[in-house]
Amino acid sequence: MLKNGERLDDLHRDGLKIIQNPKGFCFGMDVVLLSAFAKVHKGQRALDLCCGNGIVPILLSAKSKGEHFTGLEIQERVADMAKRSVALNGLDGRVSIICGDLRDGGGLPLAGFDVVTCNPPYMAANDGKISPDPALAIARHELECNLDDIAKAAFRLLVPRGTFYMVHRPGRLADIFIAFNKRGLAPKLLRFVHSKAGSAPNLVLIMATKGGGAQLKVDAPLIIYGDDNQYTEEVRGMYYG
């Protein structure tokens with residue numbers, strides 16, 4: 001099941017495990033927060049764009065009563081790792097991993113999903129130093145897709161009034177709103193993530209709908225660490241249920 005250099009990590013939820021390669025891009029707290037922020041209701045079908053090693057579909061399958069979860073990943077080697085994690089956890093009937101390009105729809109059905117999630121590359125293609133490792137470069141920089149590509153794909157793949165959830169950096173909010181407005185996604189909820197109370201936010205969780213009005217709600221901030229430098233009770237619940 002494991003290939004050269006890979007390791008098996010415990011997700012601390014329902015006995016689930018994930019295959020990762022420490023030399024590549026391993027999942028971080030942002031995807032845990034995204035999977036807790038996203039709401040998938042009973043009978044719904046969910047899609048994760050830029051799914052990487054499949055962490056979000058696997059976590060959502062444990063946290064919700066959705067009917068089916070799909071991950072779309074452009075890198076063949078990373079998609080293969082995700083497929084093996086799905087098989088390892090016995091989730092073949094509930095989670096599917098597709099290797100494809102979101103820019104052409106990845107062969108997925110138009111308006112085929114009630115919920116779409118995404119933890120995209122945070123950095124624009126011309127922003128900062130690009131990693132010499134292709135997998136890391138694609139994960140961190142907008143080399144294979146940008147915000148406009150993601151917003152366009154989410155709109156095409158969502159059912160009418162479907163819901164899109166994304167985690168990103170606060171500094172990209174202007175770009176995000178421009179892309180969403182251009183592609184017909186209406187931002188409905190923001191939640192800023194702070195390392196500690198009183199610190200500046202370093203992440204933002206965004207919920208948007210396909211169509212809908214312009215009213216936007218900003219939720220209470222999410223604080224990661226308490227005064228004791230340990231996870232807050234809310235974050236512990238996200239990790240350990």
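**Exercise 1. Classify Gln 75 as buried or exposed, then place it in the fold.**

Step 1. Gln 75 has a relative accessibility of 16%, so it counts as buried; the cut-offs are under 20% relative accessible area for buried, over 50% for exposed and partly exposed in between, with a 1.4 Å probe and protein chains only.

Step 2. Along the chain, Gln 75 sits in the loop between β4 (68–73) and α3 (76–88). Helices (H or I, at least four residues) and strands (E, at least two) are DSSP runs, numbered from the N terminus.

Step 3. Leaving out residues up to four places away in sequence, Gln 75 touches Cys 99, Pro 134, Ala 135 and Ile 138. Contact here means heavy atoms within 4.5 Å.

A word on the model before going on: it is predicted, so local features need pLDDT of at least 70 and side-chain atom pairs count only at pLDDT 80 or more, while totals for chains, interfaces and linings use all residues. Residues are numbered from 1 along each chain as its sequence is written, and side-chain values use heavy atoms, with hydrogens and water left out.

**Exercise 2. Describe the chain as a whole: how many helices and strands does it have, and how compact is it?**

Step 1. Start with the secondary structure: there are seven helices and eleven strands.

Step 2. Next, compare sizes. The radius of gyration is 17 Å, close to the 18 Å from the globule rule for 241 residues, so the chain is as compact as a globular protein of that length. The radius is taken over C-alpha atoms, and the rule is 2.2 Å times the number of residues to the power 0.38. The C-alpha trace spans about 50 × 45 × 40 Å along its principal axes.

Step 3. Now look at burial and contacts. Of the 241 residues, 52% count as buried. Among contacts with a separation of 6 or more, 70% involve residues 24 or more positions apart.

Step 4. Finish with surface and charge. The chain exposes about 11,200 Å², and carbon and sulfur atoms supply 52% of that area; accessible areas come from the Shrake-Rupley method with a 1.4 Å probe. The 30 positive and 26 negative charges have mean positions 3 Å apart. Lys and Arg count as positive and Asp and Glu as negative, leaving out His and the chain ends.

**Exercise 3. Work out the surroundings of Glu 6: which residues does it contact?**

Step 1. Find Glu 6 in the segment before β1 (7–10).

Step 2. Check its cover: the relative accessible area of Glu 6 is 16%, which makes it buried.

Step 3. List its partners. Beyond neighbours within four places in sequence, Glu 6 is in contact with Met 1, Ile 19, Gln 20, Asn 21, Met 81 and Arg 84. For one of these, Gln 20, the C-alpha atoms are separated by 5.5 Å although the two residues are 14 apart along the chain.

Step 4. Add the side chain: that of Glu 6 reaches the backbone nitrogen of Lys 3 at 2.8 Å.

**Exercise 4. Explain why helix α2 is called largely enclosed.**

Step 1. Count the buried residues. Helix α2 covers residues 55–63, and seven of its nine residues are buried, so it is largely enclosed by the rest of the structure.

Step 2. Name them: Ile 55, Val 56, Pro 57, Ile 58, Leu 59, Leu 60 and Ser 61.

**Exercise 5. Examine two residues with positive phi: what are the phi values of Asp 14 and Ala 111?**

Step 1. Recall the background: most residues other than glycine have a negative phi.

Step 2. Take Asp 14, in the loop between β1 and β2. Its phi is near 55°, and Asp 14 is exposed at a relative accessible area of 64%. Gly 15 is in the loop between β1 and β2 (17–20) and is exposed at 57%. The C-alpha atoms of Gly 15 and Ala 62 are separated by 9.9 Å, with their positions 47 residues apart along the chain.

Step 3. Turn to Ala 111, in the loop between β5 and β6. Its phi is near 50°, and Ala 111 is partly exposed at 35% relative accessibility.

**Exercise 6. Describe Asp 101: is it buried or exposed?**

Step 1. Locate Asp 101 in the loop between β5 (95–99) and β6 (113–118).

Step 2. Its relative accessibility is 19%, so Asp 101 counts as buried.

Step 3. Apart from neighbours within four places in sequence, Asp 101 is in contact with Leu 72, Ile 74 and Gly 106.

How values were computed. Charge placed at Lys NZ, Arg CZ, Asp CG, Glu CD. Polar contact = N/O pair within 3.5 Å; in protein donor to acceptor, adjacent residues only side chain to side chain.
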